[in-house]
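User: Could you take a close look at the place where the ligand sits in this model, and then tell me about the other empty spaces in the protein? I work with computed structures every day, so feel free to go into detail.

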Amino acid sequence: MPLGSSIRLGWIAGGVAGLVGLAVAELGAGLIARDGSPVSDLAEVVLSILPAAWVAQATEALGGGFRIALMAAVVVVALLLAVIAGQLELKRKLRGLIIYLPVGVVTLLAVSTQVGPGAIGYVPAVLGLSAGYLTLRLLIAQLRRPPGALEPVVAERRNFLKTAGLVTLGGIVVAGAGRMLVQATNKVAEVRTKIVLPPPAAPAPTVPPGTDFDIAGLTRYLTPNDSFYRIDTALQLPVIDPEVWTLKITGLVDRELTFTYADLLARPLAEHLSTLTCMSNQIGGDLAGNAFWMGVPVHTLLKEAGPQRGANMVLSVSQDGWSAATPLSTLTNPDRNALLAVAMNGEPLSPEHGFPVRMIVPGLYGDVSATKWLTELKVTTYDDDTGYWAQKGWSERGPIKIASRIDVPTRSVVEPGQVIVAGVAWAQTTGISKVELRIDDGMWRETELGTTAGPDTWRQWAYEWEATEPGDYTLTVRATDADGRVQTSKEVQPFPSGASGLHSVPVKVRPE
Ligand SMILES: Nc1nc2c(c(=O)[nH]1)N[C@H]1C(S)=C(S)[C@@H](COP(=O)(O)O)O[C@H]1N2
Ligand SMILES: [Mo]
């Protein structure tokens, strides 16, 4: 078999075939309206092998970019393997299978971890792998010359490149179509825009004047939806049609119940303003946001289902398999205002924040309460079931720790004179009663507090610092809750039950 410059053509054949395989797999996933594809399944498996603490950190640092990077890595590795397969196939017919078969096995195993029972979920991967290998055969066949010929003649080369080019174009079109179909599942997006939310039967208390100092660089009292932090493990956003969606209440209950989205909207809804935060938030971190949540009070639904003796936990399960364990007593207590939220700041939940329904429990970290894309509430016990993060060693109980942070000054060098220092502090369910600022090792100085709509939200604080002496300073903040508990200075990492410790920032006062 003459090789020479056809080695390079073999690379091209391998890469193009890999591209076609990936494209067809995407299209297949789109056609069967899966909320994932073989690529995201492989990424999901990689994710589950990585150390949990590392994943939490990367998710926090990169947000959605982390998922995209993982999937990109899968695509790159797949294409590299496809190129190698091209070389092997060029050397000898069928030899490319040395790569394609094991890759196929690994892919199908990855898919099996993500799809339910039934063969349909495997179809995109099988189609993609077959299409990839067949394309390779086709392209390599073009590179083969009658025995005796040495190098491919120019015309043959041109022919091959033309075919490769056409196949690549076709692959791109197919991949695009696959993506579009996946998005077409976004018929849901359209359904969402047409939802008419009823007004809440129990509106949130009005926000008093004075909650927001309106200082440049200071976190707003109310967080707009598009700047609300996002944390979840979903590689691909679950796309849920609210007309098909149901919520099941199962487990240790007298009556298992099923609700549709329309059922929920027909019930008396309550609206509540509360600050959600994440257990992996660092000292001074910004994984917190304050929004109006409207939905069905969870205690009314649980009461209808009738929790049985012995139950002490509710496992809230997401469409994407994620779950959170929340104390039953917190959810059945009407004063805790736990909601199955359908709306955030007056709008139906966005796909990123859990459309169509999520849970919101004031006072608990999102990790152990705020299940997005909710499909089931299983009444159970802490002995029998465990939430997603708790399985990875994070704390099962997630009361939010008192926290405060410095947002302003936003720069570390300031002009001498009066300097505004400001930030936010939270102690959900109790509320913040005092925030103090310390300059270097000096006295704690009480700051001015913004007003608040209730104990479940953060409060702004601000202090006018007479920074007349040039030099280097360290500013430190601490909060006290309405029960008189002072935020601890003991520094603890977020893992496993949320960070504690005081937020400090260095500030240099410039010489006149
Ligand atoms: N389905 C699902 N729900 C989830 C999560 C998740 O990974 N999957 N993450 C939880 C965590 S850790 C937090 S802090 C909140 C964040 O909610 P947000 O993304 O709307 O801010 O959602 C919770 N709900
Ligand atoms: Mo979180």
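Analyst: Happy to! Let's begin with the ligand: 19 residues surround ligand 1, and the closest of them are Y229, D232, H353, R358 and K372. Please keep in mind that this is a predicted model. Sorted by class, the shell around ligand 1 holds 8 nonpolar, 5 polar and 6 charged residues.

Three polar contacts are worth a look. An oxygen atom of ligand 1 is 2.6 Å from an N or O atom in the side chain of H353, a residue that is also listed among the closest to the ligand. For T233 the contact is made by the backbone: one of its N or O atoms there lies 2.9 Å from an oxygen atom of ligand 1. On the nitrogen side, a nitrogen atom of ligand 1 is 3.3 Å from an N or O atom in the side chain of D320. As for cover, ligand 1 on its own has 530 Å² of accessible area, and the protein covers 100% of that.

Now to the space itself. Rolling a probe the size of a water molecule over the atoms shows where empty space is left. Ligand 1 takes up the space of the largest cavity, which holds about 250 Å³. Its lining is made of 21 residues, with I231, D232, W322, G366 and K372 closest to the centre. D232 and K372 thus appear in both short lists, the one for the cavity centre and the one for the ligand. The lining of this cavity divides into 9 nonpolar, 6 polar and 6 charged residues.

How many cavities of 30 Å³ or more are there? The count comes to 5. The second largest has about 180 Å³ of space. Here 21 residues form the lining, and N281, Q282, A403, W426 and A499 lie nearest the centre. Strand β11, residues 403-408, gives the largest share of that lining, 3 residues. By class, the lining of the second largest cavity has 9 nonpolar, 10 polar and 2 charged residues.

Among the open spaces, the second largest pocket has a volume of about 510 Å³. It is lined by 26 residues, and L22, L42, A78, V103 and T107 are the closest to its centre. The elements giving two or more residues to this lining are α1 (6-31), α2 (38-49), α4 (64-91), α5 (97-112) and α6 (123-143). Of these, α4 supplies the largest share, with 7 residues. The lining of this pocket counts 21 nonpolar and 5 polar residues, and no charged ones.

Finally, a few backbone details to check in your viewer. Most residues other than glycine have a negative phi, and most peptide bonds are trans. The peptide bond from F355 to P356 is cis, with omega near 5 degrees, and P356 is placed in the loop between β8 (347-348) and β9 (358-360). A second cis bond runs from F495 to P496, again with omega near 5 degrees; P496 is found in the loop between β18 (471-481) and β19 (503-509). D214 is not a glycine, yet has a positive phi of about 60 degrees. You will find D214 in the loop between α8 (187-193) and β1 (246-251).

Notes:
Residues numbered from 1 in each chain as written. Chains lettered and ligands numbered in written order. Predicted model: local features only at pLDDT ≥ 70, side-chain atom pairs only at ≥ 80, totals over all residues. Heavy atoms only, no water. 1 Å grid on protein atoms, 1.4 Å probe; cavity = no way out; pocket = protein on both sides within 12 Å on 5 of 7 lines; lining within 4 Å. Points joined across faces, edges and corners; volume = space filled by probe spheres on them. Nonpolar A, V, L, I, M, F, W, Y, C, P; charged D, E, K, R; others polar. Helix = DSSP H or I, 4+ residues; strand = E, 2+ residues; numbered from the N terminus. Near = heavy atom within 4 Å. Polar contact = N/O pair within 3.5 Å; in protein donor to acceptor, adjacent residues only side chain to side chain. Areas by Shrake-Rupley, 256 points an atom, 1.4 Å probe, with all protein chains shown as cover. Sits in = over half its atoms within 2 Å of the grid points.
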